[in-house]
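Please read the following report alongside the sequence and the model. It goes from the chain as a whole to its core, its aromatic side chains and its salt bridges.

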Amino acid sequence: MRLRRKNKEVLEEEEQISELELLLKKRQIPILTLDTRWHQLFPEENKSDDIKKRESEVNHLLKNRGKTTNEIEELKKLKSKLMQNIVDNMQQADGEDEKQRERMLEKSQQLIKEANRKLNFLEKKQGDIPEQLENANERLLTSTIEECYEKMDSNKEELEEITDWITEIREELKRKLIIKQELEEQNALIYSTLHDMLGAEIMQYFDTIYGEN
């Protein structure tokens, strides 16, 4: 019974992951570390260790992508130059040092073979980077969503506490306003009664002693 329940939970989780993957591909999520909106969510001082780790993985792959692209371009330029050297050497006029020309041709051919070998390696590496980058970006996205929802849940709890506090304060304020009004009315009644009993001149005298109400 427990095994069936566990298998059901695994299947449900796999279905959720599959649905999420489809949604992500449809939305075409940008590289998060290149998105200013992502940096607004995670200022440097607020990044957790997990976010820093995932961010570093993405940035490392971005750096590798740029470096690999530059290396491929440089190797292609070198290969083109070497091939031009071979053509130039083959077109040299007869009578020049044949052995020296052959050595130069052989050296250029060896360098071209080495360049081709490196190009094959780098192009394969370059071909693997997009998938690696997509996976790293999705891991960062997962951590981002988890931490954002945790933060919103935490904010929600605090908001509820603040809302309860405001409600209590409002009730207390209403009670205090009623008391304030009652006290003001009571003072007004007392002063008015004394004024009627003693007259304005005597009340003015006592006002100077006790202060005006």
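What follows is a description of a predicted model, arranged by topic.

## Confidence and overall make-up

The mean pLDDT of the protein chain is 86, and 84% of its residues reach 70 or more. This confidence varies along the chain, for among its elements helix H1, which covers residues 2–27, has the lowest mean pLDDT at 60, while helix H2, which covers residues 36–41, has the highest at 94.

The protein chain contains five helices and zero strands, and read from the N terminus its elements follow the order α-α-α-α-α. Of its 213 residues, 17% count as buried. The accessible surface of the protein chain is about 17800 Å², with 52% of that area belonging to carbon and sulfur atoms. Among the contacts in the chain with a separation of 6 or more, 73% are made by residues that are 24 or more positions apart.

## Nonpolar cores

Which residues make up the largest nonpolar core? This core has eleven residues in all, namely Leu32, Trp38, Phe42, Ile51, Val58, Leu61, Leu62, Leu133, Ala136, Leu140 and Leu141. Helix H3 (49–90) and helix H4 (98–198) each supply at least two residues of this core. A second, separate core consists of five residues, among them Leu75, Ala115, Leu119 and Leu122.

Two residues give a closer view of the surroundings of the largest core. Leaving aside its neighbours within four places in sequence, Phe42 is in contact with Lys47, Ile51, Thr144, Glu147 and Cys148. Thr144, whose place is in helix H4, has a relative accessible area of 5% and is therefore buried, the cut-off being under 20%. With its neighbours within four places in sequence again left aside, Thr144 is in contact with Leu32, Trp38, Phe42 and Ile51, and these four residues are also listed in the largest nonpolar core.

## Aromatic pairs

The structure has three aromatic pairs. The rings of Trp38 and Phe42 have their centres 5.4 Å apart with their planes at 35°, so this pair is tilted, since the tilted class lies between planes under 30 degrees apart, which count as stacked, and those over 60, which count as edge-to-face. Trp38 counts as buried because its relative accessibility is 3%, and Phe42 is likewise buried, with a relative accessible area of 5%.

The pair formed by Tyr205 and Phe206 is edge-to-face, with 5.4 Å from centre to centre and 70° between the planes. Is Tyr205 buried or exposed? Tyr205 has a relative accessible area of 52% and is therefore exposed, the cut-off for that class being over 50%, whereas Phe206, with a relative accessible area of 33%, is partly exposed. Tyr205 and Phe206 also belong, together with Tyr210, to one aromatic cluster.

## Salt bridges

How many salt bridges does the structure hold? The count is 13, and three of those within helix H4 are described here. Lys124 forms a salt bridge with Asp128, the closest N and O atoms being 3.3 Å apart; both residues lie in helix H4, four residues apart, which is about one turn of the helix. Lys124 is exposed, with a relative accessible area of 57%, while Asp128 is partly exposed, with a relative accessible area of 34%.

Further along helix H4, Lys176 and Glu172 form a salt bridge in which the closest N and O atoms are 3.9 Å apart, a distance that counts because the cut-off is within 4 Å. Lys176 and Glu172 are separated by four residues, about one turn of helix H4, and both are partly exposed, Lys176 with a relative accessible area of 44% and Glu172 at 33% relative accessibility. In the salt bridge between Glu184 and Lys180 the distance is 2.7 Å, N to O, and these two residues also lie four apart in helix H4, about one turn. Glu184 counts as partly exposed at 44% relative accessibility, and Lys180 is partly exposed with a relative accessible area of 46%.

Beyond these individual bridges, Asp50, Arg54, Glu57 and Arg139 are linked in a network of salt bridges.

Definitions and conventions: Residues numbered from 1 in each chain as written. Predicted model: local features only at pLDDT ≥ 70, side-chain atom pairs only at ≥ 80, totals over all residues. Heavy atoms only, no water. pLDDT = per-residue confidence, 0-100. Buried < 20%, exposed > 50% of the residue type's maximum accessible area, 1.4 Å probe, protein only. Contact = heavy atoms within 4.5 Å. Areas by Shrake-Rupley, 256 points an atom, 1.4 Å probe, with all protein chains shown as cover. Phe/Tyr/Trp six-rings, centres within 6.5 Å; stacked < 30°, edge-to-face > 60°. Core = buried A, V, L, I, M, F, W, Y, C linked by side-chain atoms within 4.5 Å. Salt bridge = Lys/Arg side-chain N within 4 Å of Asp/Glu carboxyl O.
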